[in-house]
Structures are given as structure tokens and as C-alpha cells.
Amino acid sequence: MAVCVAVIAKENYPLYIRSVPMENELKFHYMVHTSLDVVDEKVSAMGKALVDQRELYLGLLYPTEDYKVYGYVTNSKVKFVMVVDSSNTALRDNEIRSMFRKLHNSYTDVMCNPFYNPGDRIQSRAFDSMVTSMMIQVC
Amino acid sequence: MADAVLFEFLHTEMVAELWAQDPDPDPGPGVSAGPGGGGGGGWGGQKMSLSVLEGMGFRVGQAMAERLPRETLAFREELDVLKFLCKDLWVAVFQKQMDSLRTNHQGTYVLQDNSFPLLIRMSSGLQYLEEAPKFLAFTCGILRGALSTLGIKSLVTASVAALPACKFQVVIQRC
């Protein structure tokens, strides 16, 4: 269902970014980059507003006419950004949440891999195949 | 119940292995240079083993801090992170919580464990006091790694006054 998935490190550089229609990659990269500002804004707003509900899922970051961008932040300040097609209105909030949960689990597995150095680009094939399974429904 | 013991055995072997592999490589020139030279070579090797152990613990701590706080909400402040270390991390690794956490509210925290599982099998008093620091290096690394993943740069040292009680001192580095 997702059109583009990105994993961004604490220092705001991409650890993993992949989009399905291979031609317009640059457009998605740009969208992810601009969504980082929104993520930062939400994260700092959470700190100031004394809301008890300090959630990891950030929800809809911003909608454009073609796409919607969702965000999720982990406790180690690693951000997951997902771009989905706006025409796919059947996509509900819990589905997005469950996709982010799967992403988080796979990312944790990558971190626990002794051959992975934290901070490098993610090259794990298992992570790749999990992301493919989330994106392949778009045809 | 047997799982905790597996880690203890592995840890004991790790310390033994890293210590066994630096007997002084060339006692010849060391001896002629005087006790300072030979002593320096021996001490350098031991310090390297300590930092190798600490480095291993660092990587483990990084992975644990990624995996553990899964459903818990985002940490609001430093004290929350330290409390998470004392409760969740300690329980996950040693099946017990840290006994006390003190702070001076200016970036120094002292975590005290009165019966540290890795030391409890050695003695309960002052015997083997000199050997104890080697067995704490890995754990210092775990603490430092977990803190670094959660966004806090720190320096962790450990001290033992009487086995099996030990204190871990965490100093937050603000730059």
C-alpha cells in the first residue's frame, strides 16, 4: 500500500529509502526530506505540551493532492516516514499503525545483527523483503 | 531459570579469555629497560582488555536499548531514561532491579546494586577485591551503549567497596 518507505537516523540522514515507481524517485526523496521538519515540530510539541499520551506513532504529517505522508519516531530518535497514495482511501489508521509496528520490529532485528554497525546504511535483505511486502500491493 | 546462568558462564569465559591472551609478549627488552618498561607493557595490555570488554558491552547495550522499550512511550526526560535502565534493562539482563539510584541533579547518577549477579558467586566480603573491576567492564559498556542509543552521551565507571555490592557512576557529558 505504501508508495515510499524511509528510515531516517537520529542525525537526520537516511539509513534506508525506497520507493516503488522507480522513475520519480527524486520527488519522493524530496517529500521525505520536507516531512522531517514536520516530524521535528511534532516531537518538540510533545515535549512541551504536558500530554500524558507520549506516543511513538505521529500520524498524518501532511497531505498533498496525490499523496499522504505518515510518521513514526522510536525511542532512539530514529524516524520512519511512509508515503501512501491518496487514492487508496480504504487504508485505515490501524493498518498504518500495524505497518509501522512491523517496520519497527524489522529495524530492531537489523540493530541486533552483529554484522550491522549502527549508523550505516541498511543493507539487510530480510529488511528489504519486509518492505517489499508492504509496498507490493500497489500495482 | 537456567537462562541467567548461561550468560554468567559466558561472561566468565569472556573475561578469562581476554585476560589470558596478554601475558607480556617480550619480557627481554622490558627487563633491561627496568621495571617501568615491563610494567608498562603489562598494564597497557590489561587496559586494552578492559576497553575491549567495554566495547563489546557498548554494542550489546545499543541493541538492547533498541529492542526493550518497545511499547513504552517516549521518554520525557533524563531521569526517565535512568529509571528505565534501573528497572527494565537490569531485569532483562540480570533478572532483578537495581537497588538504588541517586543523583545530584547535575548530570551525575550513582546506581547501586547490593548483590550484583556477576559478582555474587565470587565472594561476599573483601576477598578478590582486585579482580572485581574486570567483571564490571562489560556491564559498564551495556549501560553506556543503552544511554547512547537513547540519545545521552555519558561516561560510566564502576567501583566495588565490598563484594557483591557495587556502584555504577554515570556522568552525562554535555557539550
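This is a short conversation about reading a sheet and some salt bridges in a predicted model.

Colleague: I am new to this structure, so let us begin with the sheet. In what order do the strands of the sheet in chain A lie?

Modeller: A sheet is read from one side to the other, strand by strand. Here five strands of chain A make an open sheet, and the order is 2-1-5-4-3. The pairing is antiparallel.

Colleague: Which strands of chain A stand at the edges?

Modeller: Look at the two ends of the order. Strand 2 (14–19) and strand 3 (57–63) of chain A each have a single partner strand, so one side of each has no neighbour in the sheet. As for the twist, it averages 15° from one strand to the next.

Colleague: How many bridges pair strand 1 with strand 2 of chain A?

Modeller: Strand 1 (residues 2–8) and strand 2 of chain A are joined by five bridges in the antiparallel sense. To find your way along the pair, start at V7(A), whose bridge partner in strand 2 of chain A is Y16(A).

Colleague: Which helix lies across these strands of chain A?

Modeller: Helix 2 (residues 93–112) of chain A does, lying across strands 1, 2, 3, 4 (67–73) and 5 (79–85) of that chain. Its direction is at about 140° to strand 5 of chain A.

Colleague: Now for the charged side chains. How many salt bridges are there over all chains?

Modeller: A search of the whole structure gives eight. One of them joins D128(A) and R18(A), at 3.4 Å from N to O. This pair links distant parts of the chain, with D128(A) in helix 3 (residues 125–135) of chain A and R18(A) in strand 2 of chain A, 110 residues apart.

Colleague: Why do D128(A) and R18(A) count as partly exposed?

Modeller: Partly exposed covers the range between under 20%, which is buried, and over 50%, which is exposed. D128(A) is partly exposed because its relative accessibility is 27%, and R18(A) is so too because its value is 22%.

Colleague: Where in chain B do E54(B) and R144(B) sit?

Modeller: E54(B) is in helix 3 (residues 35–67) of chain B and R144(B) in helix 5 (residues 134–149) of chain B, 90 residues apart. Their side chains meet in a salt bridge of 3.0 Å, N to O. E54(B) is buried, at 17% relative accessible area, whereas R144(B) is partly exposed, at 24%.

Colleague: Which residues are joined into one network by salt bridges that share partners?

Modeller: They are K96(B), D99(B) and D113(B). Within this group, the closest N and O atoms of K96(B) and D99(B) are 3.7 Å apart. D99(B) is partly exposed, with a relative accessible area of 40%.

How values were computed:
Residues are numbered from 1 along each chain as its sequence is written. Chains are lettered from A and ligands numbered from 1 in the order in which they are written. This is a predicted model: local features need pLDDT of at least 70, side-chain atom pairs count only at pLDDT 80 or more; totals for chains, interfaces and linings use all residues. Side-chain values use heavy atoms; hydrogens and water are left out. Two strands pair if DSSP finds at least two bridges between them. Helices (H or I, at least four residues) and strands (E, at least two) are DSSP runs, numbered from the N terminus. Axes are lines fitted to C-alpha atoms, for helices over the stretch in contact, and angles run from 0 to 180 degrees between N-to-C directions. Contact means heavy atoms within 4.5 Å. A salt bridge is a side-chain nitrogen of Lys or Arg within 4 Å of a carboxyl oxygen of Asp or Glu. Buried means under 20% relative accessible area, exposed over 50%, partly exposed in between (1.4 Å probe, protein chains only).
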